[in-house]
Amino acid sequence: MIDIKNIQEIKIIVGDEWVSAGQSVRELHSHDESFHTPVLPDVVVWPHSTEEVSNIVKWAYEKDIPITPWGVGTSLEGNPIPVRNGISIDFQEMNKVLAIRQEDFQVDVQAGVVYKELNKTLGHHGLLFPPDPGAAATIGGMIGNNASGIRTVKYGATKDYVMRLTVVLPGGDVIHAGNRARKSSSGYNLCALFTGSEGTLGIVTEATLRLVGLPVNFMAVRAVFPTVLNATNTVFQVMSSGLSPSAMELLDGKVMEVLNRDRGYSLHEQPTLLMEFNGYSETGLREEMACVEEICQENACSFLDKGIGASERSRLWDMRHLTFESIKRSHTNLLPLIMDVAVPLSRYSEIVTFAREEVKDLVAYVFGHAGDGNVHVVVMDNPEDKGRWARVEEANRKIVLKALELEGTCTGEHGVGIGKRQFLEIEHGESLALMQRIKALLDPKDLMNPGKFFV
Ligand SMILES: Cc1cc2nc3c(=O)[nH]c(=O)nc-3n(C[C@H](O)[C@H](O)[C@H](O)COP(=O)(O)OP(=O)(O)OC[C@H]3O[C@@H](n4cnc5c(N)ncnc54)[C@H](O)[C@@H]3O)c2cc1C
């Protein structure tokens, strides 16, 4: 427990204004967007520089006080919940774009930059940071969780864009990992180690990110199918035909139903695929469109809407970004358990069919980043109702075990946090012991985001 004297000491490091032990501030930092039980930090701190982060961590490590980094708390597995109290380090004030290196397709940022804001700035330079988790996430939180999103099918996940990191290690030492070269075979890949480590090994304060040129020509398709199997077969055929969608999302009939009810749309309440392509010219995109249409028709597509250009893409796609909000708004008295398994593409039909069967007695919605073999099942229920919640957790467990049997993973993009700890041993076998040794080596006191990853 942090006392008044401790708070005075932290104030000396970051300044009076940037420390708070107020109840409402602590409550804001006690939960993410998941159902996991909130836990209050003792104190919240807003540093402005790597040096301040280093001094806070050094101070806390000496006093055995747990430290949990905080982006904006949009995680879905309890990842930033300070389960052993202590200090929540909020990166809101470290929100500067430090350098845009247009000719190198790179940007240097502080960890608290929100990626949507970053992309607005980069857009003026014809550049894009592609990973797109949808929520207003920070770069630090995206690196923490190795976030992905709708563009991963073409562009990859956050890990594919991290070139160089400034990291405050447990104990307060600062290291600079990686370099700015487009390729490197030099030494262990420490950027990869910290990316996806959820703040359990160190705290990222700055990053150099790889960028791509901002695409300007778009083509979008919304295709409706009589069965989920028709839709998932289409995914496989589009991906294996040499086409390169920049997004490919599956939404089941219940998701379309909830969108109609909540947003007043009149969409077909059947399995639907949303596809987006970007490219060099409209002519090329029209050729791709003809090919996509042919594949959809071969798979019994019952309705197809399509368009070329950014506004057409918005018309066909905007509802995808509203999915999670619409589901939550339709069940305000319930909380979500969100499954996030991913499998090899050839097994996607199998996992989607299995998951739908497993949750058919629950209030559940199936959708996902189909082109990545990633499926989300959102189950809405009441964690206080122990009997019902046990059934929800049973479904979660069976779906994860099925994904692992299909040589997939328990989490495609949301991370381990609290929710997926129980599956790491099954997924990683003897490698989990090595992960534990790495954790013990870097953080021998187990103070960095404790209670995550390992049961
Ligand atoms: C509606 C909705 C849709 C979503 N869709 C997607 C999606 O499509 N794809 C996807 O991948 N995710 C998705 N997410 C999950 C979430 O948005 C991402 O995981 C995101 O990257 C979290 O960012 P954040 O800034 O909120 O981080 P937080 O939730 O605050 O933190 C995330 C983790 O990183 C750690 N962390 C934070 N800052 C740092 C730092 N500076 N250094 C080290 N560790 C740090 C935290 O301790 C925590 O473990 C979605 C969430 C919502 C609510």
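What follows is a short chat about the ligand shell and some ring contacts in this predicted model.

Colleague: What makes the contact between the ligand and the side chain of Thr138 a polar one?

Modeller: An oxygen atom of the ligand is 2.7 Å from an N or O atom in that side chain, and the cut-off is 3.5 Å, so the pair counts as a polar contact. The backbone joins in too: a polar backbone atom of Gly141 is 3.4 Å from a ligand oxygen, and Ser148 brings a backbone N or O atom to 2.8 Å from one. Of the 990 Å² of accessible area that the ligand has on its own, the protein covers 93%.

Colleague: Which element gives the largest share of the shell around the ligand?

Modeller: That's α5, with five residues.

Colleague: Why is the pair of Phe129 and Tyr161 called edge-to-face?

Modeller: Their ring centres are 6.0 Å apart, and rings pair within 6.5 Å. The planes stand at 90°, and over 60 counts as edge-to-face, so the name fits. The pair links distant parts of the chain, 32 residues apart.

Colleague: How do you know whether Phe129 and Tyr161 are buried or exposed?

Modeller: Buried means under 20% relative accessible area. Phe129 has 0% and Tyr161 has 2%, so both are buried.

Colleague: And what sits over the ring of Tyr161?

Modeller: The charged end of Arg210, 4.5 Å from the ring centre; the distance limit is 6 Å. Elsewhere, Lys254 lies over the face of Tyr365, with 5.8 Å to the ring centre.

Definitions and conventions:
Residues numbered from 1 in each chain as written. Predicted model: local features only at pLDDT ≥ 70, side-chain atom pairs only at ≥ 80, totals over all residues. Heavy atoms only, no water. Polar contact = N/O pair within 3.5 Å; in protein donor to acceptor, adjacent residues only side chain to side chain. Areas by Shrake-Rupley, 256 points an atom, 1.4 Å probe, with all protein chains shown as cover. Helix = DSSP H or I, 4+ residues; strand = E, 2+ residues; numbered from the N terminus. Phe/Tyr/Trp six-rings, centres within 6.5 Å; stacked < 30°, edge-to-face > 60°. Buried < 20%, exposed > 50% of the residue type's maximum accessible area, 1.4 Å probe, protein only. Lys NZ or Arg CZ within 6 Å of the ring centre and 35° of its normal.
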